[in-house]
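Reader: I'm new to this structure and would like a close look at one part of it. Could you pick a sheet and walk me through its strands, its loops and the side chains that meet there?

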Amino acid sequence: MYKRQSVYSADSVPDVIPKGAISFHSFKNNVILDGLVNDSVQMKALLDIGAWGLAVPEYLRADKVAGKKSERIRFNVGDWTKTMDATFMSPGSQFLHWYGEDCVLLGWDFFNRRILEISYKGQYIRELQPIELDSLKGYDCIKFQNRGRRLLIPTTVTIGGKIIEGNCWIDTGLNGTLFFAHNVLSKYGLDTGKTKEGRAKNLDSNRTKVNIMSADTITVGNSMLKGKDVIFTDSEWFVFKENDMYIGLLGNQFFRYFSVIFDFRKNNLYLKPSASD
């Protein structure tokens with residue numbers, strides 16, 4: 001069995017986990033799973049609900065002559081196995097620079113038609129059966145849309161008395177709370193004097209200049225966070241451009257405060273505040 005050296009160090013290690021669950025490594029609140037490519041190559045996998053499909057390092061390409069855009073690759077995590085269309089990341093990609101050459105990007109559709117619980121507090125994921133949803137206590141259930149495999153959830157943000165409402169693209173691969181599309185700052189007349197400058201990493205360049213502002217509230221369904229930073233940028237990277245589909249990206253710094261269940265059968269999101277937060 002082949003394994004490459006990882007370059008990142010997990011932020012923490014998981015506690016005891018429930019029966020049937022598998023633990024994950026927490027790296028800047030990203031969910032990093034242990035997996036296997038084609039039943040033989042040990043890999044890490046960043047679970048990104050904002051993406052779909054599988055992206056793997058170039059060295060895993062089987063047909064190095066034809067150089068096709070994608071190949072079928074069998075991927076395994078815990079008891080889950082799926083053969084997926086995989087695209088390839090060049091050795092110089094930012095993703096591999098951050099997470100190492102032994103890491104793949106695993107999209108939400110690996111768990112399509114399943115019910116997936118993600119516990120940021122307990123650092124585990126597990127599959128639930130439909131009957132288990134009937135006994136949930138303390139969870140808020142919010143319907144999300146699947147538009148072109150982008151999972152969109154109604155979100156309301158208040159900043160300095162201004163109310164910003166619209167769908168947000170669920171993106172657990174984003175290491176932030178909420179990243180607005182670049183037109184929102186001017187569209188809602190927000191006070192730019194209250195922003196502070198920062199830098200954010202993305203996948204097509206080293207860093208992007210951003211503006212950071214504290215939101216009064218971020219609300220999804222009946223679940224609310226107060227006083228969390230949101231991010232604005234003028235970047236031309238496609239996910240941040242003005243569009244009629246979503247107002248921003250909702251990242252893992254939002255979800256880390258909750259126990260999270262994605263019902264990919266019925267497009268339902270369940271949120272329950274973590275007891276310690």
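Author: What follows is a walk through one open sheet, with a short look at the whole chain beforehand.

Keep in mind that this is a predicted model. The protein chain has 277 residues, and 52% of them count as buried. Its secondary structure comes to four helices and 24 strands. If you take the contacts between residues at least 6 apart in sequence, 64% of them join residues at least 24 apart. On the outside, the chain exposes about 13400 Å², with carbon and sulfur atoms supplying 47% of that area.

Now for the sheet itself. Six strands make it up, in the order β2-β11-β10-β23-β24-β12, and the pairing is antiparallel. At the edges sit β2 (22–23) and β12 (140–143), each of which pairs on one side only.

Let's start with β10 and β11. These two strands run antiparallel and are joined by five bridges. One of the residue pairs to look for is Ser119 with its bridge partner in β11, Tyr124. The loop between β10 and β11 holds Gln123. Have a look at the backbone there: phi of Gln123 is near 55°, a positive value in a residue other than glycine. That's worth a pause, because most residues other than glycine have a negative phi. Gln123 counts as buried because its relative accessibility is 7%, and the cut-off for buried is under 20%.

Go to the other end of β10 and you meet the loop between β9 and β10, where Arg113 is found. Arg113 also has a positive phi, near 70°. Its surroundings are another story: Arg113 is exposed, since its relative accessible area is 57% and exposed means over 50%.

The next residue to find is Arg114, which forms a salt bridge with Glu127, the closest N and O atoms being 3.0 Å apart. This pair links distant parts of the chain, with Arg114 in the loop between β9 (103–107) and β10 (115–119), and Glu127 in strand β11 (residues 124–128), 13 residues apart. Arg114 counts as partly exposed at 29% relative accessibility, and Glu127 is partly exposed too, with a relative accessible area of 26%.

There is also a salt bridge between Glu117 and Arg126, whose closest N and O atoms are 2.5 Å apart. Here Glu117 is buried, with a relative accessible area of 5%, while Arg126 counts as partly exposed at 21%. A search of the whole structure finds seven salt bridges. Another of them joins the side chains of Glu58 and Arg61, at 2.6 Å from N to O. In that pair, Glu58 is partly exposed at 29% relative accessibility, whereas Arg61 is buried at 10%.

Back to β10 for Ile118. The largest nonpolar core has 60 residues, and Ile118 is listed with Ile159 and Phe180 as having the most contacts inside it. Apart from that core lies another, of 12 residues, among them Leu46, Ala51, Leu96 and Tyr99. Leaving out residues up to four places away in sequence, Ile118 touches several others, including Phe24, Val31, Leu47, Tyr124, Phe258 and Phe262. As background, nonpolar side chains tend to be buried together in soluble globular proteins.

Finally, let's visit the edge at β12. This strand pairs with β24 in the antiparallel sense over four bridges. Asp140, for instance, has Leu271 in β24 as its bridge partner. The two faces of β12 are easy to tell apart: Asp140 and Ile142 are on the covered face, and Cys141 and Lys143 on the uncovered one. In general, side chains in a regular strand alternate between the two faces of the sheet.

Across from there, strand β24 (residues 268–273) includes Asn268. The side chain of Asn268 makes a polar contact with the side chain of Lys143, at 3.2 Å. Asn268 also touches Cys141, Ile142 and Phe144, as well as Ile261, Phe262 and Asp263, among residues more than four places away in sequence. With a relative accessibility of 11%, Asn268 counts as buried.

How values were computed: Residues are numbered from 1 along each chain as its sequence is written. This is a predicted model: local features need pLDDT of at least 70, side-chain atom pairs count only at pLDDT 80 or more; totals for chains, interfaces and linings use all residues. Side-chain values use heavy atoms; hydrogens and water are left out. Buried means under 20% relative accessible area, exposed over 50%, partly exposed in between (1.4 Å probe, protein chains only). A polar contact is a pair of N or O atoms within 3.5 Å; within protein, one must be able to donate a hydrogen and the other to accept it, and residues adjacent in sequence count only if both atoms are side-chain atoms. Contact means heavy atoms within 4.5 Å. A nonpolar core is a set of buried Ala, Val, Leu, Ile, Met, Phe, Trp, Tyr and Cys residues joined through side-chain atoms within 4.5 Å. A salt bridge is a side-chain nitrogen of Lys or Arg within 4 Å of a carboxyl oxygen of Asp or Glu. Two strands pair if DSSP finds at least two bridges between them. Accessible areas come from the Shrake-Rupley method with a 1.4 Å probe; for residues, only the protein chains shown count as cover.
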